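Please open the model in a viewer and keep the sequence panel visible beside it. The tour below proceeds by selection, one stop at a time.

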Amino acid sequence: MISWGWRSQIHWCSKYVFGNISGQKNRSLRSLSRCCHQKTSGSCLDPEIRTFLEENTEIISCGNLTPEIRLRLLTPRCRFWKEKAALWPYKDPYWAIYWPGGQGLSRYLLDNPSVVRTKSVLDLGSGCGATAIAAVMSGATEVVANDVDPIAGAALMLNCELNNLHPFPFLTGNLIGSDVCKWDVVVLGDMFYSEELANSLHQWLKKCICAHGTKVLIGDPGRPHFVSHQIQSQLHKITEYALPESTQQENYGSASTLVWNYRP
């Protein structure tokens with residue numbers, strides 16, 4: 001079990017934090033952030049960041065719901081699994097865990113490719129990018145991954161390489177509350193971590209649906225701020241997946257994850 005506080009005290013950050021990054025890493029991260037701030041093909045991955053991620057993650061394709069997808073993640077065999085958080089030179093790596101909501105969404109898209117085939121898809125809070133990758137594998141014609149952490153964008157580039165996919169656009173920044181763009185499908189997993197965030201998501205997703213008829217799919221294993229939120233009355237359960245034992249152990253015993261369609 002990871003000993004870092006970031007796993008038990010996970011939160012949403014809408015701004016980048018560079019204060020603890022110095023020297024070349026600071027310059028590399030700022031360069032990556034500028035590169036990813038707009039939609040890009042992912043061709044500008046800084047060599048230092050690539051090397052760091054390759055040395056401090058493990059390639060995984062088992063122990064989760066989507067063995068078809070290979071991902072670079074933090075595992076018990078990685079240095080930073082139990083290392084002091086202060087020694088990690090970038091923002092807390094929430095992207096480095098394949099959270100259960102994302103696993104459920106990715107499994108659902110792989111099993112039901114017609115949901116996204118020939119459609120435009122936004123993976124909101126994409127983390128490791130697994131659900132965005134699943135959308136590409138399922139035939140989506142346009143996929144954009146979004147996360148507030150530019151290092152998640154770097155990880156996504158590496159994960160695309162692992163799955164023999166051309167890098168697709170990654171957009172950094174907090175989209176919640178911004179002007180809504182036209183997306184056929186918006187997918188988001190494991191994002192209901194606070195009442196404030198749940199309220200903001202609720203309103204922004206509702207605007208997407210009202211403005212463009214967007215289909216919204218939510219993956220969540222049943223976190224308190226999700227199951228107790230007023231959005232529950234407007235959700236329609238699509239499916240439920242039993243989580244592999246290793247995922248259960250990493251997520252405090254959560255036995256299953258669900259996929260919901262939000263229809264206000």
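Begin by selecting Glu68, which is partly exposed, with a relative accessible area of 39%. The coordinates belong to a predicted model. Next, add Arg107 to the selection: the side chains of Arg107 and Glu68 form a salt bridge, at 2.7 Å from N to O. Arg107 lies in helix α4 (residues 100-111) and Glu68 in the loop between β1 (58-60) and β2 (71-73), so this pair ties together parts that are 39 residues apart in sequence. Unlike its partly exposed partner Glu68, Arg107 is buried, with a relative accessible area of 12%.

**The whole chain**

Now show the full chain as a cartoon. The chain has nine helices and nine strands. Colour by accessibility, and buried residues account for 56% of the 264 residues. Among contacts between residues at least 6 apart in sequence, 70% join residues at least 24 apart. The salt-bridge count comes to nine, and several of these bridges are stops on this tour.

**Tyr241 and its surroundings**

Keep Arg107 displayed and select Tyr241, in strand β8 (residues 235-242). Is Tyr241 buried or exposed? At 14% relative accessibility, Tyr241 counts as buried. Show the residues around Tyr241 next. Leaving aside residues up to four places away in sequence, Tyr241 touches Leu65, Gly104, Arg107, Tyr108, Asp111, Ala255, Ser256, Thr257 and Val259. Arg107, the salt-bridge partner of Glu68, is thus among the contacts of Tyr241. From this list, pick Ala255 and draw a distance between C-alpha atoms: Tyr241 and Ala255 are 8.7 Å apart in space and 14 residues apart in sequence.

Remain in this part of the sequence and select Lys237 and Glu240. Their side chains meet in a salt bridge, with an N to O distance of 3.0 Å. Lys237 counts as partly exposed, at 47% relative accessibility, and Glu240 is likewise partly exposed, at 39%.

**Helix α6**

Clear the selection and choose residues 150-162, which form helix α6. Does the distance between the helix ends suit its length? How far apart are the end C-alpha atoms of α6? They are 19 Å apart, which agrees with the 18 Å that the 13 residues of α6 should span at 1.5 Å a residue.

Colour α6 by burial. The helix is mostly covered, with 12 of its 13 residues buried. The buried residues are Pro150, Ile151, Ala152, Gly153, Ala154, Ala155, Leu156, Met157, Leu158, Asn159, Cys160 and Leu162.

**The crossing of α3 and α6**

Add helix α3, residues 47-56, to the view. Two packed helices are described by the angle between their axes and the distance between the axes. The axes of α3 and α6 come within 10 Å and cross at roughly 70°. That makes α3 roughly perpendicular to α6, since angles of 65 to 115 degrees count as roughly perpendicular.

Show the side chains at the crossing. From α3, the contact is made by Ile49, Arg50, Leu53 and Glu54, and from α6 by Ile151, Ala154, Ala155, Leu158 and Glu161. By class, this contact has six nonpolar, no polar and three charged residues.

Which residues are linked in a network of salt bridges? Select Arg50, Glu54 and Glu161, which are linked in this way. Within α3, the side chains of Glu54 and Arg50 meet in a salt bridge at 3.4 Å from N to O. Being four residues apart in α3, Glu54 and Arg50 are separated by about one helical turn. Glu54 is partly exposed, at 34% relative accessibility, and Arg50 is partly exposed too, with a relative accessible area of 25%.

**Two residues with positive phi**

Follow the chain beyond α6 to Asn164, in the loop between α6 and β5 (170-172). Asn164 has a positive phi of about 55°, although it is not a glycine. At 72% relative accessibility, Asn164 counts as exposed.

For the last stop, select Asp190, in the loop between β6 (185-189) and α7 (195-212). Asp190 also is not a glycine, and its phi is positive, at about 60°. Whereas Asn164 is exposed, Asp190 counts as buried, at 6% relative accessibility.

Notes: Residues are numbered from 1 along each chain as its sequence is written. This is a predicted model: local features need pLDDT of at least 70, side-chain atom pairs count only at pLDDT 80 or more; totals for chains, interfaces and linings use all residues. Side-chain values use heavy atoms; hydrogens and water are left out. Axes are lines fitted to C-alpha atoms, for helices over the stretch in contact, and angles run from 0 to 180 degrees between N-to-C directions. Angles under 35 degrees count as roughly parallel, over 145 as roughly antiparallel, 65 to 115 as roughly perpendicular and the rest as oblique. Contact means heavy atoms within 4.5 Å. Ala, Val, Leu, Ile, Met, Phe, Trp, Tyr, Cys and Pro count as nonpolar, Asp, Glu, Lys and Arg as charged, and the others, Gly among them, as polar. A salt bridge is a side-chain nitrogen of Lys or Arg within 4 Å of a carboxyl oxygen of Asp or Glu. Buried means under 20% relative accessible area, exposed over 50%, partly exposed in between (1.4 Å probe, protein chains only). The expected span of a helix is 1.5 Å times one less than its number of residues.
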